[in-house]
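Please open the model in your viewer, and keep the selection box within reach while you read. The stops below go from pairs of charged side chains to the sheet, and then to a few single residues.

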Amino acid sequence: MNRPNCFVAQSGGPTVAINSSLAGVIKGVTNSDVYDTIYGSVNGILGILDNRVLNLTEIFSEDEDRLMCLKHTPAMYLGSCRYKLPDYKTDDSDYRRIFEQFERYNIGAFFYIGGNDSMDTVLKLSEYAKLIGSNVRIIGVPKTVDNDLM
């Protein structure tokens with residue numbers, strides 16, 4: 001049986017930790033025997049909605065120095081967004097699209113690196129996954145300059 005893949009995305013404002021966190025997720029996934037491919041969503045959750053995806057396994061498996069460099073690279077490697085998902089009880093169209101993409105890419109986990117608003121997205125996606133009986137693990141990787149995580 002094929003191993004599942006995973007998505008990672010970044011959101012919010014750039015901090016010194018955001019690319020280092022991305023490097024940690026890439027390294028952890030690459031070194032694990034749980035997931036096959038790690039895909040990066042360009043511009044946060046919008047990249048999944050709009051199918052703007054990078055194969056990070058291909059990009060970083062060829063050059064260990066590239067991954068080490070990412071830890072100290074300013075800004076955000078995958079880009080960002082400040083898109084707030086609507087309440088799925090009112091409008092679940094974004095959620096349906098996201099979970100269609102998860103199925104399309106055989107996703108077993110989604111890592112979202114960001115601050116308070118991003119963790120709100122993690123919560124909403126986790127609740128929706130439970131509601132529809134999805135086994136996709138939704139994992140928040142906190143980063144914040146404001147120290148405002150709820």
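A residue is called buried if its relative accessible area is under 20%, exposed if it is over 50%, and partly exposed in between. Glutamate 64, with a relative accessible area of 45%, is therefore partly exposed. Please keep in mind throughout that this is a predicted model.

**Stop 1: salt bridges**

Select glutamate 64 together with lysine 27, and show their side chains, which meet in a salt bridge with 3.9 Å from N to O. Glutamate 64 belongs to helix 4 (residues 64–70) and lysine 27 to helix 1, so this pair ties together parts of the chain that are 37 residues apart in sequence. Lysine 27 also counts as partly exposed, at 37% relative accessibility.

How many salt bridges does a search of the whole structure find? The search finds 6, and two others are worth selecting here.

Select aspartate 36 and arginine 3, whose side chains form a salt bridge at 3.3 Å, N to O. This pair links distant parts of the chain, since aspartate 36 sits in the loop between helix 1 (18–31) and strand 2 (38–41), while arginine 3 is in the segment before strand 1 (5–10), 33 residues apart. Aspartate 36 is partly exposed, with a relative accessible area of 42%, and arginine 3 is partly exposed as well, at 37%.

Next, select aspartate 117 and lysine 84, where the side chains meet in a salt bridge of 3.5 Å, N to O. Here, too, distant parts of the chain are linked: aspartate 117 lies in helix 6 (residues 116–132), and lysine 84 is in the loop between helix 4 and helix 5 (93–104), 33 residues apart. Aspartate 117 counts as partly exposed, at 41% relative accessibility.

**Stop 2: the sheet**

Switch to a cartoon view and colour the strands, which make an open sheet of 5 strands in the order 3-2-1-4-5, with mixed pairing. Which strands are at the edges? They are strand 3 (53–55) and strand 5 (137–142), each of which pairs on one side only. If you look along the sheet, the twist from one strand to the next averages 25°.

As background for what you see in the cartoon, strands of a sheet pair through backbone hydrogen bonds, either parallel or antiparallel.

**Stop 3: strand 4 and its partners**

Select residues 107–114, which make up strand 4, and add strand 1, with which strand 4 pairs in the parallel sense over 6 bridges. Along this pairing, valine 8 has phenylalanine 111 as its bridge partner in strand 4, and asparagine 5 has isoleucine 107.

Now add strand 5, which runs parallel to strand 4 and is joined to strand 4 by 6 bridges. In this pairing phenylalanine 110 stands opposite isoleucine 138 in strand 5. If you trace the chain from strand 4, you pass through helix 6 before you reach strand 5, and this β-α-β crossover is right-handed.

Is strand 4 enclosed or open to the outside? Because 8 of the 8 residues of strand 4 are buried, this strand is largely enclosed by the rest of the structure. Select helix 5 as well, which lies across strand 1, strand 4 and strand 5, and which runs at about 125° to strand 4.

**Stop 4: serine 41 and arginine 137**

Serine 41 is found in strand 2, and at 0% relative accessibility serine 41 counts as buried. When its neighbours within four places in sequence are left aside, the residues in contact with serine 41 are Phe7, Val8, Ala9, Gly47, Ile48, Arg52 and Leu78.

For a contrasting view, select arginine 137 in strand 5, which is exposed, with a relative accessible area of 55%. Not counting residues up to four places away in sequence, arginine 137 touches Tyr35, Gly108, Ala109 and Phe110. The C-alpha atoms of arginine 137 and leucine 125, which are 12 residues apart along the chain, are separated by 9.5 Å.

**Stop 5: cysteines**

A disulfide is a covalent bond between the sulfur atoms of two cysteines. How many disulfides are counted in this model? The count comes to 0. Cysteine 81 is in no disulfide, and the nearest cysteine sulfur, that of cysteine 6, is 18 Å away. Cysteine 81 is buried, with a relative accessible area of 8%, whereas cysteine 69 counts as partly exposed, at 48%.

Note on methods
Residues numbered from 1 in each chain as written. Predicted model: local features only at pLDDT ≥ 70, side-chain atom pairs only at ≥ 80, totals over all residues. Heavy atoms only, no water. Salt bridge = Lys/Arg side-chain N within 4 Å of Asp/Glu carboxyl O. Helix = DSSP H or I, 4+ residues; strand = E, 2+ residues; numbered from the N terminus. Buried < 20%, exposed > 50% of the residue type's maximum accessible area, 1.4 Å probe, protein only. Pairing = 2+ DSSP bridges. Axes fitted to C-alpha atoms, helices over the stretch in contact; angles between N-to-C directions. Contact = heavy atoms within 4.5 Å. Disulfide = S-S within 2.5 Å. Right-handed = clockwise from strand over helix to strand, strands pointing away.
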